[in-house]
Amino acid sequence: VEAVDNNNNDINSDIGTPDDTVKDLRQRLHDSEVARKAIESLLLDAKIKEENKENRNSEGNNNIENNKMSSSSSKRLEELQNLLVQSKDSFNKLFQENAELQAQLADAKTQLMVPQTPTMLHHQSLLRRIEQMEYRHNNRERELERIVQQVKQRAELDIQLARANFQNVLTQKNAEIKRFQIELDSLMEDVKRIL
């Protein structure tokens, strides 16, 4: 078991952290992109200068200095074009390397998920049991919430029925009291007439 654990540790140290590798590739990709943009900018400037010089030459200002400058500008333009091609190639290579490393990283993650030692197997079985317990707990919580909701609805309905019954009884008693009051008043009037 220790030999397997040591082997896993050696593999992990050889691979390094995947995040560092990805960060390094991203940085190299970014640097390559910045260099490519700078070269494109220089090429654009050189083309504009070349066009300006050609316009001046077509107007009849053909002197030796312009020829020397245009030949040096064209050499510079060729150098910049070569640099642009090289930066595009390096950009493509870095992009391919990044894709390969991403695939390797995904493979490494899947390999780490496969238990290889008894402790890893035990750990994974414990994780499964915990997940099952959490699932059952969540189901019970939902069931309890549903039951509580039903009890609240039933209690609310019982309260409404009790209020309606109480209101009916109260109305009947008030009507009885009113009849009694009327009878009492009529008896009192009869007693007053007799007296």
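**Close-ups of a four-helix chain**

**View 1. The whole chain reads α-α-α-α along its sequence.** That comes to four helices and zero strands (DSSP runs numbered from the N terminus: H or I of at least four residues for helices, E of at least two for strands). This is a predicted model, where local features need pLDDT of at least 70 and side-chain atom pairs count only at pLDDT 80 or more, while totals for chains, interfaces and linings use all residues. Residues are numbered from 1 along each chain as its sequence is written, and side-chain values use heavy atoms, with hydrogens and water left out. Of the 195 residues, 13% count as buried (under 20% relative accessible area; exposed is over 50%, partly exposed in between; 1.4 Å probe, protein chains only).

**View 2. Six residues make up the largest nonpolar core.** They are Ile 39, Leu 43, Ala 46, Leu 77, Leu 80 and Leu 84. A core here is a set of buried Ala, Val, Leu, Ile, Met, Phe, Trp, Tyr and Cys residues joined through side-chain atoms within 4.5 Å. Helix 2 (18–58) and helix 3 (64–113) each supply at least two of the core residues. Zoom in on Leu 84: leaving aside neighbours within four places in sequence, Leu 84 is in contact (heavy atoms within 4.5 Å) with Arg 36, Ile 39, Glu 40 and Leu 43.

**View 3. Leu 144, Ile 147 and Val 151 make a nonpolar surface patch.** The patch covers about 260 Å² (Shrake-Rupley method, 1.4 Å probe; for residues, only the protein chains shown count as cover). Patch residues have over 30% relative accessible area and no salt bridge, with nonpolar side chains (Val, Leu, Ile, Met, Phe, Trp, Tyr) joined within 5 Å and like charges within 9 Å. Val 151 sits in helix 4 (residues 118–194) and is partly exposed at 47%.

**View 4. Arg 146 pairs with Glu 143 in a salt bridge.** The term means a side-chain nitrogen of Lys or Arg within 4 Å of a carboxyl oxygen of Asp or Glu. Here the closest N and O atoms are 2.1 Å apart. The two residues are three apart in helix 4, so about one helical turn separates them.

**View 5. Arg 193 has salt bridges to Glu 189 and to Asp 190.** The N to O distance is 3.9 Å for Glu 189 and 3.5 Å for Asp 190. Shared partners join Glu 189, Asp 190 and Arg 193 into one network. Arg 193 counts as exposed at 64% relative accessibility, while Asp 190 is partly exposed at 36%.
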